[in-house]
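Visitor: I am new to protein structures and would love a close look at one part of this one. Could you show it to me and then take me through it slowly?

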Amino acid sequence: MVSAPVGPLPSPGGRGPGCGPGPRPLTPALAALPQPLLEWETVILPLVDGGGEATRDPRVGQSEAALKFKGGCRGALTAGTQQADPGAPGGFRGDGDRRPPGRGVRFVGVNASDINYSAGRYDPSVKTPFDVGFEGVGEVVALGLSASARHTVGQTVAYMSPGSFAEYTVVPASIATPVPSATPEYLTLLVSGTTAYICLKELGGLKEGKKVLVTAAAGGTGQFAVQLAKKAGCHVIGTCSSEEKSAFLKSVGCDRPINYNTEHVGTVLKREYPGGVDVVYESVGGAMFDLAIDALATKGRLIVIGFISGYQTPTGLSPVNAGTLPAKLLRKSASIQGFFLNHYLSEYRASMDHLVKMCTSGDLVCQVDLGDLSTEGRFTGLESVFRAVDYMYMGKNTGKIVVELPHPVNSKL
Ligand SMILES: NC(=O)c1ccc[n+]([C@@H]2O[C@H](COP(=O)([O-])OP(=O)(O)OC[C@H]3O[C@@H](n4cnc5c(N)ncnc54)[C@H](OP(=O)(O)O)[C@@H]3O)[C@@H](O)[C@H]2O)c1
């Protein structure tokens, strides 16, 4: 059984351009928090109002203390964050520009594996109740003593950490990546971007002219696999479920989007790629996995990123034609390899820094889906996380699904 995609990460390598304002004195509410807090590491809180009673989570150690604020922390922050620019790629003007302070917001990311994690599939030894959510972007509102050398209150940081579906969270300073602004585009890099980047760099063997198939190509991690393979000079094929997603894929450089609701993926691959595909970034599993195996070129490789088509079943798995697999692989000298981000954390810090630079310079489209087109509108507040998960499992999202925690948050904790 695998463990959660979180863990200790190398120290941040300095701050990015346009980080939040410099050190600020603790507000009276923060100063009133229990003193041991000051010995802990970075405290990252969104902009929240409300009276604050802090409780420490007994399941985590001193250096990774988790903190829940019952009712939040009144007046904890007043600083604003830079706002998204709808006219820029991915809705973001990423040149490190400073904007007049606006209303601060914080974002948390939704991942396909949220349902695996909450179903206890990552670590059966973890018993309910436990916190869920893998990632977020927000502002530092208080610092532990050891964290204050590297971070400042008001600084905007992104973090991959368990229990991120919360208005307030505490994360070790070592896993907080400074980002130019608390915009959701940076959040897309934490899990989805690094998965594509590290996987393709370490396992992809990408070279100019190689044919790369990406499944769930218009989703959170697929969008990055498409762009990174294209940047490596590859010919990129991407599967998706709608014409809108096909158009998006074209816009980020996908050479051959395949809308599987109007075209049969296997037929297209046989007809247009008779020599097969060299690399598959495969996230869907089941029948899609079988099709992709059949489409492999000689010496082709399929990288198992996930198998989302099985996550809603009791086992979490979708059946594949495993019986014939050895023969199929042997006949083509082909290979299958799994990739799990948690096993590549030594690469994480450098990859994240690189991706943040690409995003900031506009070299990478970081498509965000805040649910504006969903039936009940934008995903706002923690209470909308379940809608966001449903939206993903209906295959509706284009890009990374992100939930906004606006100011003020009506904390239910
Ligand atoms: N190995 C790792 O370390 C790692 C890290 C991050 C993510 N992942 C994996 O990457 C995959 C994508 O995750 P994500 O969080 O980025 O999600 P996502 O791609 O943003 O959303 C999931 C997409 O999967 C597609 N899909 C195809 N068949 C589906 C089905 N039967 N049910 C639901 N969706 C289906 C849908 O797109 P279409 O409708 O266009 O097909 C849907 O929009 C998942 O398998 C996840 O487990 C793995």
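Visitor: Let me start with one residue: is Phe386 buried or exposed, and why?

Guide: Happy to help! Please keep in mind that this is a predicted model. Phe386 has a relative accessible area of 54%, and exposed means over 50%, so Phe386 counts as exposed. You will find Phe386 in helix H10, which covers residues 385–393. Now look for Val110: Phe386 and Val110 are 276 residues apart along the chain, yet their C-alpha atoms are separated by 9.5 Å.

That link across the sequence fits into a wider picture. Among contacts between residues at least 6 apart in sequence, 70% join residues at least 24 apart. The protein has 413 residues, of which 58% count as buried, and its secondary structure comprises 10 helices and 16 strands.

From an exposed aromatic residue, let us turn to some buried ones. A pair of aromatic rings is described by the distance of the centres and the angle of the planes. The structure holds 8 aromatic pairs. In one of them, the ring centres of Tyr117 and Tyr122 are 5.6 Å apart and the planes meet at 75 degrees; planes over 60 degrees apart count as edge-to-face, so this pair is edge-to-face. Both Tyr117 and Tyr122 are buried. Tyr117 also pairs with Phe134, again edge-to-face, with 5.4 Å from centre to centre and 80 degrees between the planes. This second pair links distant parts of the chain, as its two residues are 17 apart: Tyr117 sits in helix H2 (residues 114–118), and Phe134 in the loop between H2 and strand S5 (135–142). Buried means under 20% relative accessible area, so Tyr117 qualifies at 12%. Phe134 has a relative accessible area of 3%, so Phe134 is buried as well. Step back and you can trace a cluster: ring pairs link Tyr117, Tyr122, Phe130, Phe134 and Phe340.

Stay with the loop between H2 and S5 for a moment, as Pro129 is found there too. A cis peptide bond joins Thr128 and Pro129, with omega at about -5 degrees. Here is some background for that detail and the next: most residues other than glycine have a negative phi, and most peptide bonds are trans.

Two residues have a positive phi without being glycine. Ala216 has a phi near 50 degrees and lies in the loop between strand S9 (211–214) and helix H4 (222–231). With a relative accessible area of 32%, Ala216 is partly exposed. Ser333 also has a phi near 50 degrees, and its place is the loop between helix H8 (325–332) and strand S14 (335–338). Ser333 has 51% relative accessibility, so Ser333 counts as exposed.

Finally, let us look at how two helices meet. Helix H3 (residues 184–204) packs with helix H9 (residues 348–360) at an angle of about 125 degrees, and their axes are 9 Å apart. H3 and H9 are therefore oblique to each other, and their crossing is right-handed. Residues of H3 that make the contact include Leu189, Leu190 and Tyr197, while H9 contributes residues including Met352, Leu355 and Val356. By class, the contact of H3 with H9 has 10 nonpolar, 5 polar and 1 charged residues.

Conventions: Residues are numbered from 1 along each chain as its sequence is written. This is a predicted model: local features need pLDDT of at least 70, side-chain atom pairs count only at pLDDT 80 or more; totals for chains, interfaces and linings use all residues. Side-chain values use heavy atoms; hydrogens and water are left out. Rings of Phe, Tyr and Trp (its six-membered ring) pair if their centres lie within 6.5 Å; planes under 30 degrees apart count as stacked, over 60 as edge-to-face and the rest as tilted. Buried means under 20% relative accessible area, exposed over 50%, partly exposed in between (1.4 Å probe, protein chains only). Helices (H or I, at least four residues) and strands (E, at least two) are DSSP runs, numbered from the N terminus. Axes are lines fitted to C-alpha atoms, for helices over the stretch in contact, and angles run from 0 to 180 degrees between N-to-C directions. Angles under 35 degrees count as roughly parallel, over 145 as roughly antiparallel, 65 to 115 as roughly perpendicular and the rest as oblique. A crossing is left-handed if the near helix is turned anticlockwise from the far one by less than a right angle, and right-handed if clockwise. Contact means heavy atoms within 4.5 Å. Ala, Val, Leu, Ile, Met, Phe, Trp, Tyr, Cys and Pro count as nonpolar, Asp, Glu, Lys and Arg as charged, and the others, Gly among them, as polar.
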